[in-house]
Amino acid sequence: GSCLESVKTAIDTGYRHIDGAFVYYNEHEVGQAIREKIAEGKIKREDIFYCGKLWNTCHPPELVRPTLEKTLKILQLDYVDLYIIELPMAFKPGDAIYPKDENGKFIYHETNLCATWEAMEACKDAGLAKSIGVSNFNRKQLEMILNKPGLKYKPVSNQVECHPYFTQPKLLEFCRQHDIVIVGYSPLGTSRDETWVNVSSPPLLKDPVLNAIGKRYNKTAAQIALRFNIQRGVVVIPKSFNPQRIRENFQVFDFSLTEQEMKEIEALNKNVRYVELLM
Ligand code: A2P
């Protein structure tokens, strides 16, 4: 139930871009929040930008459209605004989201990313997704798609970890050249949940530079981290279940950082991921 309340608070606050996925197991709550806000007359469907994701067990081309249709059924929406391949590697198809063998090792699955991409293109043609993109793709994987013979649609975006401690300078430049928007996940440095986060990297929001710059504008380190990415053209998808912080994270459009401050923040880059995706 906390997701339902948070999405409703977010929409009331002014957020329109909602980043979801089947594997977050809360698409039913997100869909309900959107539908309730439409029913209230607060928004129209076309005001919302919902991003859904194709999970690793669903890469075989024949599974792509049924998987998206399942997401739409859970959301109770007719289309998603963006559908992305969540990760560039595949797991064995089936009911297990994290299929493992008797030794606890992940069971991978050989698929062809270009064939998966063609099935994504078909979803766009069918009107089930307005746009299609990818996530966690490196340059080589993007090039594989971009250089695919007969490519119909380029990925419009690549969602990757991106924040002041992991600024992605090279990938950002490559994506800029190819008109691919970078969507930065964990823009606040994650929840530091040890089950999936590398907590040996220090907490982003304690950073002295971010806090000192924040003081100048009467803003928090979180707001400075978000503003930094927005100002360099990176889309941010901060996550919070706390109404006050949901509102705080939206108060980033009433100030701008100087060129000098942008450089200072860029210099914080450690090239260390919080989200290592070791699988
Ligand atoms: P909470 O849900 O209690 O607000 P990321 O977006 O980088 O994944 O970070 C999400 C984490 O950051 C969550 O644990 C969230 O906790 C916390 N968080 C979200 N907004 C803020 C904020 N403005 N200041 C401090 N922590 C925040």
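How are α2 and α3 oriented to each other? In this predicted model, helix α2 (residues 27–39) and helix α3 (residues 61–75) pack with their axes 7 Å apart and at an angle of about 55 degrees. The two helices, α2 and α3, are therefore oblique to each other. On the side of α2, the contact is made by E27, H28, V30, G31 and R35, and α3 contributes T71, I74 and L75. Sorted by class, the residues of this contact comprise 3 nonpolar, 3 polar and 2 charged.

A good place to look next is the loop between β1 and α2, where F22 lies. Leaving aside neighbours within four places in sequence, F22 is in contact with E27, K53, K70, T71, I74 and I97. Among these partners, E27, T71 and I74 also belong to the contact of α2 with α3. As for K53, this residue is 31 residues from F22 in sequence, yet the two are 6.6 Å apart in space, C-alpha to C-alpha.

From here, attention can turn to the sheet. The sheet is open and is formed by 7 strands, which follow the order β1-β2-β3-β4-β5-β6-β7 with parallel pairing. At its edges stand β1 and β7 (235–236), each with a single partner strand, so one side of each is left without a neighbour in the sheet. Helix α3, already met as the partner of α2, packs on the sheet as well, touching β2 (49–54), β3 and β4 (129–135). The direction of α3 makes about 135 degrees with that of β3. Elsewhere in the sheet, β5 and strand β6 (residues 181–185) run parallel and are joined by 5 bridges. Here V160 stands opposite G184 in β6.

The last feature is an enclosed space. Rolling a probe the size of a water molecule over the atoms shows where empty space is left. When the whole structure is searched, 1 cavity of 30 Å³ or more is found. The volume of the largest cavity is about 30 Å³. Its lining consists of H17, D19, C51, L82, I84, V134, S157, Q159 and V183. Two or more of the lining residues come from each of β1 (17–19), β3 (80–85) and β5 (157–161). In terms of class, 5 residues of the lining are nonpolar, 3 are polar and 1 is charged. The strands β1, β3 and β5 thus appear twice in this account, as members of the open sheet and as contributors to the lining of the largest cavity.

Methods: Residues are numbered from 1 along each chain as its sequence is written. This is a predicted model: local features need pLDDT of at least 70, side-chain atom pairs count only at pLDDT 80 or more; totals for chains, interfaces and linings use all residues. Side-chain values use heavy atoms; hydrogens and water are left out. Axes are lines fitted to C-alpha atoms, for helices over the stretch in contact, and angles run from 0 to 180 degrees between N-to-C directions. Helices (H or I, at least four residues) and strands (E, at least two) are DSSP runs, numbered from the N terminus. Angles under 35 degrees count as roughly parallel, over 145 as roughly antiparallel, 65 to 115 as roughly perpendicular and the rest as oblique. Contact means heavy atoms within 4.5 Å. Ala, Val, Leu, Ile, Met, Phe, Trp, Tyr, Cys and Pro count as nonpolar, Asp, Glu, Lys and Arg as charged, and the others, Gly among them, as polar. On a 1 Å grid over the protein atoms alone, a cavity is a set of points where a 1.4 Å probe fits but cannot get out, and a pocket is an open set with protein on both sides within 12 Å along at least five of seven lines; lining residues have an atom within 4 Å of a point. Grid points are joined across faces, edges and corners, and a volume is the space filled by probe spheres set on the points. Two strands pair if DSSP finds at least two bridges between them.
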